[in-house]
Each structure stands twice: as structure tokens, then as C-alpha cells.
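Dear colleague,

I am handing over the structure we spoke about, and it is shown just below. After it I go through what was found, beginning with the aromatic rings.

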Amino acid sequence: MKYFRNLVKPYIIWSFLMIVVPLLLIVLYSVTTGGNSLVNIQFTLDNFGKIAEPIYLAVFIRSFKIGLITVLICFFMGYPLAYMIARFSEKVQSVLILVVTIPMWINMLLRTYAWISLLSDNGIINSFLVSLGFEPVTMMYTDFAVAVGLVCDFLPFMVIPIHTSLSKIDKSLIEAAYDLGANRVQTFFRVVFKLSLPGVINGVIMTFLLAISSFVIPKLLGGGQYMLIGNLIENQFISVGDWNFGSAISLLLAVVILFLIHLMKKMDPDETEEG
Amino acid sequence: MKKSRIFSYIYIGICFAFFYLPILVTMVFSFNSSKSLTKFTGFSLKWYGELLADGEIMKAVYVSVSVAIIATIVSTILGTVTAIGLSKNRKVVKEWILNINNIPIMNPEIVTAIGLMILFSSLKITKGYVTMLLAHIIFCTPYVITSVYPKVRSLDPNLANAAMDLGATPFQALTKVIIPMIKEGIYAGVLLSFTMSFDDFVISYFVTGNGVQNISIIVYNMTKRINPTINALSTIVILVLVITILIVNLVPMMIKKTKEKQRNEKAC
């Protein structure tokens, strides 16, 4: 037994250096000024105060707005999809779920790149509209384009947990509801939907997290001026060079997200049993 | 009942079309004979030729593939060894390590990325290929641990002891008894870390330097210009990934089927 106990030691050192230390560095940068020279640092909370400035606050509000829109579209598209998939035989279900997951494995950059040629002013959708006699529509560099990209990328994260919840439901409960006189609508809202709630919560939080922290899709489909939290962080580190402020925003983002994940795990009975 | 079936076929079809439309467009236009991304003017393999001739893109392909392979090997070994060791440790140690291990999985990628960027610059490591590789090992290992650890936990804790009582050295007990029994978890870890590493953009983008680019970074830098060679590259990448995923998913199903058939024949 004791032979194998020491096998974790390399990883303890490795994970401390490569996971814990970087986080501590972010915390350190977020409460100091003086940029990258660690010699003359001064402690301050100004970096967090700066977040409340109107220009930065607007970025946060826009991120939450886009996050909510993405979640709503994903939910109203994804729930019916998961529900319909769950009604097929088990074999067909596993194939359909595989079809849903395959895009998740394909490089996000490449998929987003393809949306540019679809949505641009003289892109495929617009030339199709023109050939039907409609006016071309500007879609690139709008909220619409960003939402399309986000939904396309994150919809599987909504569909899969909901499908998992739905496929776990005991079919006899639904039959019992019918036997007790409930109609289809009542059965759905009072039995099926309630039992699938853990999956819904899981999906909603996952898509929200992914949407508010993404920065590639908004940058490619929303243009250089389009700022979400992720873009703001990138800006601070790559172009502005204010690492202290960038760290403060990242810390805030990490805290919000870890809190939401904690919430999600608390609501999911399967997870708490294991933990 | 039948009507709702037809409706669900249509709805599932529309959703899948939405998922696969960008992928399909990329593939079709990679065979286009002109530079246009909107009109298909004729079939040609011109862009595949240009892709092979483009030194910069080929270098990025080399970086992506080599980083993914090395990172997968290192993180699979590190992750598997850790997962085996974890099960023999006290509960407190176990929980601490698993919690720390979960941080890179749950944290937004961009936060992990800037953490590593600050770490590398504080340690005065020149950013480039080495930092990218290190970063990939860092974010792949937790996924290996989470896919291998449940398998280790389901093993009988006395197995290794039994092997050693029968004269195996600890190393033999590990490689001949434990590892063969958890190989499914290890395969899952390999697949997960390879694709995670190969697809990564955010972390690579922040920790690279000196002009070292992987496929994602080169695509990101090229989006300003229309470049159909990217479509050709995408098509190859997509085909390789889809074929791998199909093999990984379908082969076990087929093996199961033939085994069941054999069993049935024997029973007859």
C-alpha cells in the first residue's frame, strides 16, 4: 500500500506551483499598483474601484445582457431538442447525442471563422436574400452576430444536461400522471419539467458562464470595438498593459463564476452525494 | 402521435442544420476554384495545394500537433500516477488535491491563461514554444485525473497487495495489474487531453511569444483577410477529429455486438 502513496507527491508540488501560485499572483496584482516590477509595489483597492467607472460598468452590463440572451435562446431551442431526443429508443438517442457533441470537439476558432463568411455583408445568407429579392441585412459586428456565434457554440452544453435529466425520469411516473387524470400539458409542467430541473439549472449556469467569459466570439463576430468582460481583460493585458486592473477584473470574474458553480453543485442531488 | 413525430424530425433537423451549417460551408468552399466565399465557381483542390505551400500555416500545424502529442503523453502519465496514488492517501489529502485539481476545470479559461502569463513573466521565462507546452500540460492533467480517478476508486484495494504477495515488485504490480484494469479511464483521458490541447486558443494565445503560433492563433490572426486556405485547413482538421471520434465511439459498440453474437452462438 504505502508504495503507491508517494505517487501523488510530484503532483502536489506541480499543482501548487502551476495552479495555486498563478491564482495568488492574480490576487497580488489585483490589490497592488506598480505594474510588472515587483520591487516597488504598493497596496491599494483602486483597481476594484475602477471597475465601477461608467465605461467599465457598461462592459459588465453588456456581458450580463449577452449572457442572459444566450441562455434564453439556448434554453428555448435546447429544451425541445433534448425532449424530442429523449423520446427515441436508447440506440437512436446515443447516436443523436453523439451528433450533438461532435461540434464541441471541433476547434471553436474554425467554427466561428465559418460564421463570418455566412453573416458578412456580401456573405452567403445575404446573397441568398438578394437572390430572393430582399434587401441585404447587415449582420456582422452586431449583437445578433455575437448571439448567433455564442448560441451555436454553447447550445450542446444546454442540451446534454437536460437530456441526461430527462432520460433518467421513471416512465411510470408519467403514466401515473395520466392515470390520475392529468392532460398532456399538465403532465409536462407538473411532472416532466419539474423532474428535469436539475439538468435545466446545470445547463443554464454552464451556458451563462461560457457566454460571459468568452472573448474570441465577440471579437471575431462583434468586431474590435465590441467589449465583453473577456475582451476587457485581454485589452488590459495585451494592448493597454495595465496588469493590475486586468487582474482585478479577472479575480471578480473568477469569484462570480466559482460561486455560480458552487450553487449549481448544491442544487444537483447527484453531485452532493458524491462530494 | 404520428404528427408530433414528423414535427420532431423537422425540429431536430433544423437544430442539427444550425450546428453543422458553418462546418458544411467551410468544407464546401474549401473546394471552390475562386477566392469567393459566397459563390461556388467550380471544384478544385487549389487551396489544398496552397495550404501545403504556405510555410507559416504548416509551421502552426506542426506546433499544434507536436504540443498536443507531448502534452497528452506527459499529462496522461502524470495524471494516471497521481490518480493511483490518490486512492491510497488519507481523505484530507485526497480532498485537497481534488479541489485544487478542479480549479483549472471550473475557472474561466481566460483567468487560467492570465494567471500563467503572470507566472511565466515573474519567473522570467521567455514566452514561446516551451511556455505553451507547459501551459497545455497544466490544463490537460486535471482532465486526466478526473477521468482516471473514478476507475481507480472502483478497484479492489487489495489487488496490488495480492500481486506483491505473489512476488511482483511494486512496479510490476502497477504496470501489470492496476494499469490494465483502469485502461478505459486512461483512454478517455488521452482523448480528452489531446482534443483539449489541439483545440485550445485562449490559453495558448496568452502564454505564447516569439512568433510561435498554433492553428487557433493563426486562424485568429487571419480573420481580417479572406483566406480560403483556412477552409482547406479546417476541412482536414474536422475530418481527422470526426473520424477519430467516430472510431472511438463506434468500435466499442461493434466489439460489444460481435461479442454478444459469439456468446449467443455458443449458447445455441
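Over all chains, the structure, which is a predicted model, holds 26 aromatic pairs. One of them is formed by Tyr79(A) and Phe193(A), whose rings lie 5.4 Å apart from centre to centre with 50° between their planes, so that the pair is classed as tilted under the rule that stacked rings are under 30 degrees apart and edge-to-face rings over 60. Because Tyr79(A) belongs to helix α4 of chain A and Phe193(A) to helix α10 of chain A, this pair ties together parts that are 114 residues apart in sequence. The two partners can also be described by their accessibility: Tyr79(A) is buried, with a relative accessible area of 5%, whereas Phe193(A), with 22%, is partly exposed. A further pair in chain A joins Phe237(A) and Trp243(A), and it is tilted because the ring centres are 5.5 Å apart and the planes stand at 45°; both Phe237(A) and Trp243(A) are buried.

Tyr79(A) and Phe193(A) also belong to a cluster linked by ring pairs, which includes Phe75(A), Phe76(A), Tyr83(A), Phe188(A) and Phe189(A) as well. Rings also take part in arrangements with charged side chains, and in one of these the charged end of Arg62(A) sits over the ring of Tyr226(A), 4.7 Å from the ring centre. In another, which involves both chains, the charged end of Arg5(B) sits over the ring of Phe88(A), at 4.8 Å from its centre.

Next, the nonpolar interior. The largest nonpolar core has 163 residues, and those with the most contacts inside it are Phe215(A), Phe201(B) and Phe206(B). Its largest share, 13 residues, comes from helix α4 of chain A, which covers residues 54–86. Leaving out residues up to four places away in sequence, Phe215(A) touches Gly230(A), Asn231(A) and Glu234(A) in chain A, and Ile110(B), Phe201(B), Val202(B), Tyr205(B), Phe206(B) and Tyr220(B) in chain B. As general background, nonpolar side chains tend to be buried together in soluble globular proteins.

Turning to chain A as a whole, there are 15 helices and two strands, and the C-alpha atoms fill a box of roughly 75 × 70 × 35 Å along the principal axes. Of the 275 residues of chain A, 49% count as buried. Among the contacts in chain A between residues at least 6 apart in sequence, 64% join residues that are at least 24 apart.

Within chain A, helix α8 (residues 143–168) may interest you: its 26 residues reach 37 Å from the first C-alpha to the last, which is close to the 38 Å expected at 1.5 Å a residue. Where does α8(A) bend? The bend, of about 45°, is at Phe154(A), and a proline, Pro156(A), follows within four residues. Because 19 of the 26 residues of α8(A) are buried, this helix is largely enclosed by the rest of the structure.

Two buried residues, one from each chain, can be looked at individually. Thr187(A) is placed in helix α10 of chain A, residues 184–195, and it counts as buried because its relative accessibility is 2%, which falls under the 20% limit. Apart from neighbours within four places in sequence, Thr187(A) is in contact with Ile174(A), Ala177(A), Tyr178(A), Ala182(A) and Val192(A). In chain B, Ala71(B) lies in helix α3, residues 55–87, and is buried with a relative accessible area of 0%. With residues up to four places away again set aside, Ala71(B) touches Leu133(B), His136(B), Ile137(B) and Ser197(B), while its C-alpha atom is separated by 21 Å from that of Val219(B), which is 148 residues away along the chain.

Finally, two loop residues have a positive phi although they are not glycine. Tyr141(A), with phi near 60°, is found in the loop between α7 (124–131) and α8 of chain A, and it is exposed, with a relative accessible area of 54%. Asn210(B) likewise has phi near 60°; its place is in the loop between α10 (202–207) and α11 (215–222) of chain B, and at 67% relative accessibility Asn210(B) counts as exposed.

With best regards

Definitions and conventions: Residues numbered from 1 in each chain as written. Chains lettered and ligands numbered in written order. Predicted model: local features only at pLDDT ≥ 70, side-chain atom pairs only at ≥ 80, totals over all residues. Heavy atoms only, no water. Core = buried A, V, L, I, M, F, W, Y, C linked by side-chain atoms within 4.5 Å. Buried < 20%, exposed > 50% of the residue type's maximum accessible area, 1.4 Å probe, protein only. Contact = heavy atoms within 4.5 Å. Phe/Tyr/Trp six-rings, centres within 6.5 Å; stacked < 30°, edge-to-face > 60°. Lys NZ or Arg CZ within 6 Å of the ring centre and 35° of its normal. Expected span 1.5 Å × (residues − 1). Bend = angle between axes of the 7 residues up to and from the residue.
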